[in-house]
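Please open the model in a viewer and keep the selection panel at hand. The tour proceeds step by step, with a selection to make at each stop.

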Amino acid sequence: MPLPGPVSLRELLLAAEGSGGAAAAAAAGPGPAPSSPGEEEVCVVGIFGKTALQLCSEKAALVSTVCDRQVFPLFEPPDPEEAGDAGGTEGEPAAKDYNDLQAYYSQESRVLYLVLTSICDTPQLLKACGDLAAAESRESAAGGPGPLPHAEAHEFWKHQEKLHCLSLLYLFSVCHILLLVHPTCSFDITYDRVFRALDGLRQKVLPSLKAAIKDCPVGKEWKLNCRPCPPRLLFLFQLNGALKVDPLPSRGQDPCGHLEKPPPKKHSPKRRLQHALEDQIYRIFRKSRVLTNQSINCLFTVPANQAFVYIVAGGAQDGEDPVAMLLDQLRSNCTMRETDSLLAPTLSGPRRYQMMRHGRQQLSFYAESSSSSSSSSGQLVDCTLKEFLWQHVELVLSKKGFDDSVGRNPQPSHFELPTYQKWVAAALKLYEVTIEGKDDDPTSLTGELSSKIMGSIKVLEGYLDIDTKFSENRCQKALPMAHSAYQSNLPHNYTMTVHKNQLAQALRVYSQHARGPAFHKYAMQLNEDCYKFWSNGHQLCEERSLTDQHCVHKFHLLPKAGEKPEADRNPPILYHNSRARSTGACNCGRKQAPRDDPFDIKAANYDFYQLLEEKCCGKLEHINFPVFQPSTPDPAPARDESSPAPPEGEIEKLKEKEPQTQGESTGLSLALSLGQSTGSLGTYPPDAQAGGDNAESHGQSGDSKSEKRPSLVDRQASTVEYLPGMLHSNCPKGLLPKFSSWSLVKLGPAKAYNFHTGLDQQGFIPGTNYLMPWDIVIRTRTEDEGDLDTNSWPAPNKAVPAKRSSVVMGRGRRRDDIARAFVGFEYEDARGRRFMCSGPDKVMKVMGGGPKESAIKALNSDMPLYILSSTQGRGLKPHYAQFMRLFVVVPDAPLQITLTPQVQPGPPPCPVFYPEKQEITLPADGLWVLRFPYAYVTERGPCFPPKESQQLMSYKVLRGILKAITQIFVFNETAR
């Protein structure tokens, strides 16, 4: 049973190869079947082109018009296997081929129609856009980039255009006649570019095509030229109501009747438009050398003495909604007219196809009857579409061929009219290598030829992808300007930050001049070029010193243990150096020396001072801090398991400790301010948390502090793991560093300090080298009170002595009640200038005779870790001085002075740093110097000095650094 409709060309070729021509009958319409279909000589007509934005296909309707029957359905049914036949997957729309070839064989006329549907047609265009939208939605759901970039979208459409050219190359290789369908009545000039691209591609892949059909049963000329003949190209245009001929008005209605009417023209307006289009097309193709004198060398030919342009006279209704057109046609067919009643007896039964077109003739293309085109004015009668096409088909079926060569010495072109079976054999081989074999195994013959053809498709880029070619030229011109913008005002070596800033400037310049789909490609190239320029000898070392200064060397490696620096190697082996030098004093402060900008904590807080130890303070008495003592030959640093920020509870605990320290130290001094001593001490309000203002409260304070809570260092420290940084509030418990960043040195006895002359050390600004006095009350009692505890009940038969007043002013005051200590807060800047501060942000200035201010205010406040240096330079950048030493003069008296230094070198959540021994008791009768660290480093990196003066209050030495614990002194009252 023959199938009443078209089939896919692939199915037709595969079925014909296996059944020897039976597929021709399967693809044919109703009619008498020939005895031997495979031995029929056939004329192959290919149809391609563009369609209007409507669901019905003009190319399908064209076949129906020529065959005088409804061949193709009005609406294409959805094909579930179309995605698989296209050669792509659902997730990769760029890999799909949206070109579809359908075949229909007319047995009556022995013509095989090949209809090419591509993205130039509305159905395939909708499918491609739908697949792109679905792919974008899937990428967005999976967290992808979202909308398709312009460059990728442009590449997708140009790739589909190249695949369309491959399908056109196949049609130009297997057809005798080609019909180019266009939905308007003007010639699309882009076809000139497409045909030139096809001609170049055909010349490039001709050897591969010859190898594909060398064993096919076709003629020698066909094998040599890879086509049965140079195909003749015909053009079909549609008016779409653009050309209207109004009827001539009657004599009574003619406003210009007195004028002489021009004689009627010989040709109708449609015929004149047809001739104009023929002249225009021929002139364009001759100018671009698509058409030459010798037709055998051309991609296609056009007849010299026959019409090759046909205009389908459509109406204003063409292009409307097909559903509305069908409803209107159904309405007109159901209306009984007078002509239908006369023809009713003869047309009983199914209506014929011609009668279905009496209302609108046909949806898009329709055949014109001679009566409708005839004119009583003497114009020539226009031919129908079938008559136009058949004058060329008859030349093929009669084996006359096409003699389209022109010039003085025209060369005859080859022509072959194959049988159906021979044509199928050649067409199948070409189909495999050009269309179907793109995904075959490259090692096979078909796969090898297909890969060569796909490799030659780059020839089309110069013809089809004009936008990309222009964009690449434009972007290539913008690249040198962008490179100049990147390299402008660049030092020889620079950091990653400078590289990124210059790259951003280069991209701004590039974006001002670059345009088109190649923008992203050359932007990436600009990024790579700038990175190569930077990394090729211009890369600066990214390491920053502990004072936030960059290393000035280009990219280098650090010397290993025992290795010497080598500047000539590539990359060089050098130590870090920022070329910044400062002047610093030793641990005791008596000797100054220049120092390089440190890049590691050991060089900053240990090595520099150890070098000066040998020259200055090596023989002085030290109080050493506990450090890590390994028990294994290869100890490991502790893992960084600390939290990034100290919890708020930790800071609150530290603050809870502060009032106790202040109370004990300040409470002793506040007693003096209430009138128990004479001198230059000022009067300060009492502290509610100081523990009282009398000697009894001090005694209780001393007794309560006799039992100390075990600190961190009192526990057993690890001997396997060491702390890689410094000890602070966030570091793991039970770990010690390999070296101490603090130093505590005794300069001499207490009398080594002269109150009137101050410290005799280098670098002090005159008038700032004095220590502030700190008067401490010492409680005394008689022998009768020696064993009496004021908090206990009196013993039996013993009277309770009256409580003596704590301090008696005037002549009754005893000298032993007060001990004077001295405290100094020393700051040092990078140029070695040193000075003392008498309070927060207050530089000491003594004119002579010693300082008048007491140390109580400074001890009761948070002292800044950095302050502005007293002598600034000429530049705008401020110079800071850092708190480096604490001088304490402990008198020879019955008291204990305890050090509890705590430093917070940054705003929260910066941790609090303290020595390896949190509470240090200073022995009596000594001038002690506590040297603070030069840099503060955690496991996460250094705490850099402040860059803005507004942040100085966040860098502080917590108050309560000193506290005094008095001892009870017993004396004999009668001995006075």
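The stops below concern a sheet and the helices that lie against it in this predicted model.

**The whole sheet.** Begin by selecting the seven strands, which form an open sheet of mixed pairing in the order β1-β3-β4-β2-β5-β6-β7. The edges are β1 (7-8) and β7 (309-312), each of which pairs on one side only.

**From the β1 edge inward.** Next, select β1 and β3 (100-106). These two strands pair in the antiparallel sense over two bridges, and Val 7 stands opposite Ala 103 in β3. Six of the seven residues of β3 are buried, so this strand is largely enclosed by the rest of the structure.

**The hairpin.** Now add β4 (111-117) to the selection. β3 and β4 run antiparallel and are joined by seven bridges; Gln 102 stands opposite Val 115 in β4. Four residues separate the two strands of this hairpin, and Arg 110 in the turn has a positive phi of about 55°.

**A parallel pair.** Move to β2 (residues 43-49) and β5 (residues 177-182), which run parallel and are joined by five bridges. Here Val 45 stands opposite Ile 177 in β5.

**The helices on the sheet.** Select helix α7 (residues 190-212), which packs on the sheet and touches β2, β5 and β6 (232-238). The direction of α7 makes about 145° with that of β5. Finally, select helix α6 (residues 150-174), which lies across β2, β3, β4 and β5. Helix α6 runs at about 170° to β4.

Technical notes: Residues are numbered from 1 along each chain as its sequence is written. This is a predicted model: local features need pLDDT of at least 70, side-chain atom pairs count only at pLDDT 80 or more; totals for chains, interfaces and linings use all residues. Side-chain values use heavy atoms; hydrogens and water are left out. Two strands pair if DSSP finds at least two bridges between them. Contact means heavy atoms within 4.5 Å. Axes are lines fitted to C-alpha atoms, for helices over the stretch in contact, and angles run from 0 to 180 degrees between N-to-C directions. Buried means under 20% relative accessible area, exposed over 50%, partly exposed in between (1.4 Å probe, protein chains only).
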